[in-house]
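Here is a quick walk through one model, section by section. Keep the 3D view open as you read.

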Amino acid sequence: MKRVINVTLVFIVSAILMMSCQVDDPSNITVVKAGLLIDGTGNPPLRDVLIFIEGNRITRVAQQEEIPPGATVVDASQQVVMPGLIDTHVHPGNRAIAGPSPEYEASVRHHLKQNLAFGVTTIFSLGLDPDIIFALREESWEDGFDGSRILTAGTGFTAVGGHPTQLGTDLPNQIDDPAQARQRVQELATQGVDGLKIWLAQISGLPPIKTEVSRAIIEEGHQHNLRTFAHINTAADTKSLVEAKLDGITHIARDPYDQETLELMQKQGTIVAPTLVQREKALIFTKENELFEDPVIRAILGQEVDELKEALAKAGPDVLERMAQSYQQAKENVLQLKEAGVKLAVGTDSGTNFAPMGLSTHKEVEAFVDAGLSPMEALVAGTRGSAEWAGVSDRLGTLEAGKLADMLILEENPLVDIRNTRKIVKIILGGRVLEPLTVVE
Ligand SMILES: [Zn+2]
């Protein structure tokens, strides 16, 4: 009996201690005074809002409330607050460095810093990662990490000799047999991937992955609570994998979708990350070469800016013309998706040619507006839409009570001019207040 009383007493005392710690330590509280809040839900923006942060999470969003004395106040009362951007399709790490090495790891860390400096607070690494990524992923979700949060699909699936092996990429999952694919999904699930990647590209001379292999991957993935994302470039392949209950699509078909596929995508909640910047990539910098001179871009991307400039100088007018046509067609498909009510997310394939980390994410949001989305729709795609695509909308994507405190403070309103997403004054990552240029120092 005595023991029962002691245990009960210990329980009560510790409960009181816990409560008092949680409620009353104002030094643990940060309050962001937002002049305008775009919360990522798609709801109209709110004026003069207080965002309460305790530790790494948002506890309340309120319009009229006292700020507890002793709390840290971040005054953004003349500025705009929005969620950190999420990019669903990134390839961090320098692939020119063979194998997992300290240099390779350093290049991944550098890319995570570049993303964060551009306000991209979470990235999904899509299918080219060595095992070193798992430890980095764990580290990136801890408080105080200097870089964006990372999610990974480990290594992606393709046919034996399929895309992108022609680019010299050594892929372990070149598979033509459904049973072997299921086995490999089980192994990736054990490794702890956050999702699965399939390349189903129709490229002349290269075998596409078989439909029954893709089906097996999607089904086995669902058995392990893993979402599957596929690189697809035709409407027919889109239809066949959407029928197989694919979760997300990267890139966009080079021909129009039929009504049946659009309706099925809408009904099943298939999310598309059209990767418009991949169609427009060289064009972005030929049309807007002032980007090369932007001091913030130069400071974050360093010599990559000069490499971009050089590569562009080599691209002939025929290449640019082809790109312009391809971009036009891709925008028409994006409009089809928007009009059918299909969910969209932002993904850039950054880390490939002409697609610098972080900057590409802003250009993708901008391309959505160019394609006919409203600025609000484009922002929702880059925040909540991307969080849903990545399966992390319970934690990220909107600024609401209970979510991780990842947000951007902007000098000017992106609803007025979408390019204002780049006018970042401060980045808040898990409640920690940072400045863009100090991230990459
Ligand atoms: Zn990719």
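## Three helices in a row

Let's start with a helix pair: H5 passes H6 in a right-handed crossing. Bear in mind that you are looking at a predicted model. The axes of H5 and H6 cross at roughly 40° and come within 10 Å of each other. That angle makes H5 oblique to H6. On the H5 side, the contact uses Thr211, Ser214, Arg215 and Ile218, while H6 brings in Ser240, Leu241 and Glu243. Sort the residues of this contact of H5 with H6 by character and you get two nonpolar, three polar and two charged.

H5 (residues 211-223) also packs against helix H4 (residues 178-191), with an angle of about 30° and axes 8 Å apart. H4 and H5 are therefore roughly parallel to each other, since angles under 35 degrees count that way. The crossing of H4 and H5 is right-handed. Which residues meet here? From H4 come Pro178, Ala181, Arg182, Val185 and Gln186, and they face Glu212, Val213, Ala216, Ile217, Glu219, Glu220 and Gly221 in H5. The contact of H4 with H5 holds six nonpolar, two polar and four charged residues.

## The zinc site

Which residues hold the zinc ion? His89 and His91 each offer NE2, and Asp349 offers an OD oxygen, at 2.1 to 2.2 Å. Read along the sequence, the donor spacing is H-x1-H-x257-D. His91 and Asp349 link distant parts of the chain, being 258 residues apart. His91 lies in the loop between strand E5 (85-90) and helix H2 (102-117), and Asp349 in the loop between strand E14 (343-344) and helix H13 (359-371).

## A three-strand sheet with a helix on it

E5 turns up again in an open sheet of three strands, ordered E5-E6-E7 with parallel pairing. E5 and strand E7 (149-152) are the edges, each pairing on one side only. Neighbouring strands of this sheet are turned by 20° against each other on average, direction ignored.

Strand E6 (residues 120-125) pairs with E7 through four bridges, in the parallel sense. Look for Phe124, which stands opposite Leu151 in E7. H2 packs on this sheet and touches E5, E6 and E7, and its direction makes about 135° with that of E6.

## A seven-strand sheet

There is also an open sheet of seven strands, this one with mixed pairing, in the order E3-E2-E1-E4-E15-E16-E17. Its edge strands, E3 (57-62) and E17 (432-434), each pair on one side only. From one strand to the next, the twist averages 35°.

Within that order, strand E1 (residues 29-37) and strand E2 (residues 46-54) run antiparallel and are joined by eight bridges. Leu37 stands opposite Leu46 in E2.

## Two backbone spots to check

What is the peptide bond from His163 to Pro164, cis or trans? This bond is cis, with omega near 5°. You'll find Pro164 in the loop between strand E8 (157-158) and strand E9 (173-174).

The other spot is Lys245, a residue other than glycine that has a positive phi, near 70°. Lys245 sits in the loop between helix H6 (235-243) and strand E12 (248-250).

Conventions:
Residues numbered from 1 in each chain as written. Predicted model: local features only at pLDDT ≥ 70, side-chain atom pairs only at ≥ 80, totals over all residues. Heavy atoms only, no water. Axes fitted to C-alpha atoms, helices over the stretch in contact; angles between N-to-C directions. Helix = DSSP H or I, 4+ residues; strand = E, 2+ residues; numbered from the N terminus. Parallel < 35°, antiparallel > 145°, perpendicular 65-115°, else oblique. Left-handed = near helix turned anticlockwise from the far one by under 90°. Contact = heavy atoms within 4.5 Å. Nonpolar A, V, L, I, M, F, W, Y, C, P; charged D, E, K, R; others polar. Pairing = 2+ DSSP bridges. Donors = N, O, S within 2.8 Å, 3.2 Å for Na, K, Ca; no water.
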